[in-house]
Amino acid sequence: MTGKNIETLMALDFEASSLSAESWPIEVGISWIEGNQVQTWSSLIRPASVWERADWSKQSEAVHGISISDLETAPTVEDVAQQLMPKIEGFILVSDAPRLEHHWLSRLLSAAGWAPSAITVEDYDAVSFTHFDGLALDFLYEKLERMRVPHRAGADSARLAWGWLKALQVREQQQSG
């Protein structure tokens, strides 16, 4: 069973100030399959003036390795949104933590003056099960298990896209063999 074209999917990942309800994004990463390659774009995000700096978590910093001082010269929320929005246009955004990613995407876009309400983020597992089955699906999850989670937005989104690419390759081998 296959669903829509896998090349319409884009993996989305954020790193954030913390995991609290008031957290804000500090890095965004997107990855997609183009041809037989995984393409990735990512950017650090300078905190918006409206975001509460007290929501910075040292525990989160220890996980992603991005310090608050790393963000002082990062692109502004407006610059990141202007770069991100044309890149995601026409894609279905997918994440392994859709509720959190939608929260951080909404915070980014709102702070940059964009209307985030129409953007949805789909669940990676649900989307993957719609597009793949059998051996291809097994290899998708094996690929994910074998790749470490670096806790950086670009690399984390690429990891998800690599899972899809592996499943595509297995399916093509099955169909040709």
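Here a visitor asks how the terms used for this predicted model are justified, and a guide answers.

Visitor: What kind of model is this, and what is left out?

Guide: This is a predicted model: local features need pLDDT of at least 70, side-chain atom pairs count only at pLDDT 80 or more, and totals for chains, interfaces and linings use all residues. Residues are numbered from 1 along each chain as its sequence is written, and side-chain values use heavy atoms, without hydrogens and water.

Visitor: How many helices and strands does the protein chain have, and what counts as one?

Guide: The protein chain has six helices and five strands. Helices are DSSP runs of H or I with at least four residues, strands are runs of E with at least two, and both are numbered from the N terminus. The order from the N terminus is β-β-β-α-α-β-α-β-α-α-α.

Visitor: Why is the protein chain called as compact as a globular protein of its length?

Guide: Its radius of gyration is 17 Å, and the globule rule gives 16 Å for 177 residues. The radius is taken over C-alpha atoms, and the rule is 2.2 Å times the number of residues to the power 0.38. The two values are close, so the protein chain is as compact as a globular protein of that length. Along its principal axes, the C-alpha trace spans about 55 × 30 × 25 Å.

Visitor: Why is S60 called buried?

Guide: Buried means under 20% relative accessible area, exposed means over 50%, and partly exposed lies in between (1.4 Å probe, protein chains only). S60 has 14%, so S60 is buried. S60 sits in helix α1, residues 58-64. Across the protein chain, buried residues make up 47% of the 177 residues.

Visitor: Which residues does S60 contact, leaving aside neighbours within four places in sequence?

Guide: They are A16, S17, S18 and L19. Contact means heavy atoms within 4.5 Å.

Visitor: Why is T130 called partly exposed?

Guide: Its relative accessibility is 37%, so T130 counts as partly exposed. T130 belongs to helix α4, residues 124-131. G113 is 17 residues away from T130 along the chain, and their C-alpha atoms are 34 Å apart.

Visitor: What about H151: why is this residue called partly exposed?

Guide: H151 has a relative accessible area of 32%, so the label is partly exposed. H151 is in the loop between α5 (134-146) and α6 (153-176).

Visitor: What makes the phi of H151 worth a look?

Guide: Most residues other than glycine have a negative phi. The phi of H151 is positive, near 60°.

Visitor: How do you know which strands pair in the sheet?

Guide: Two strands pair if DSSP finds at least two bridges between them. Seven bridges join β1 (residues 9-16) to β2 (residues 25-34), and these run antiparallel. One of the partners is I30 in β2, for L12. Three bridges join β1 to β4 (residues 92-95), running parallel. There A11 has V94 as its bridge partner. Two bridges join β4 to β5, also parallel. V94 stands opposite E122 of β5.

Visitor: What is the strand order of the open sheet, and what makes a strand an edge strand?

Guide: The order is β3-β2-β1-β4-β5, with mixed pairing. An edge strand pairs on one side only, and here these are β3 (37-44) and β5 (122-123).
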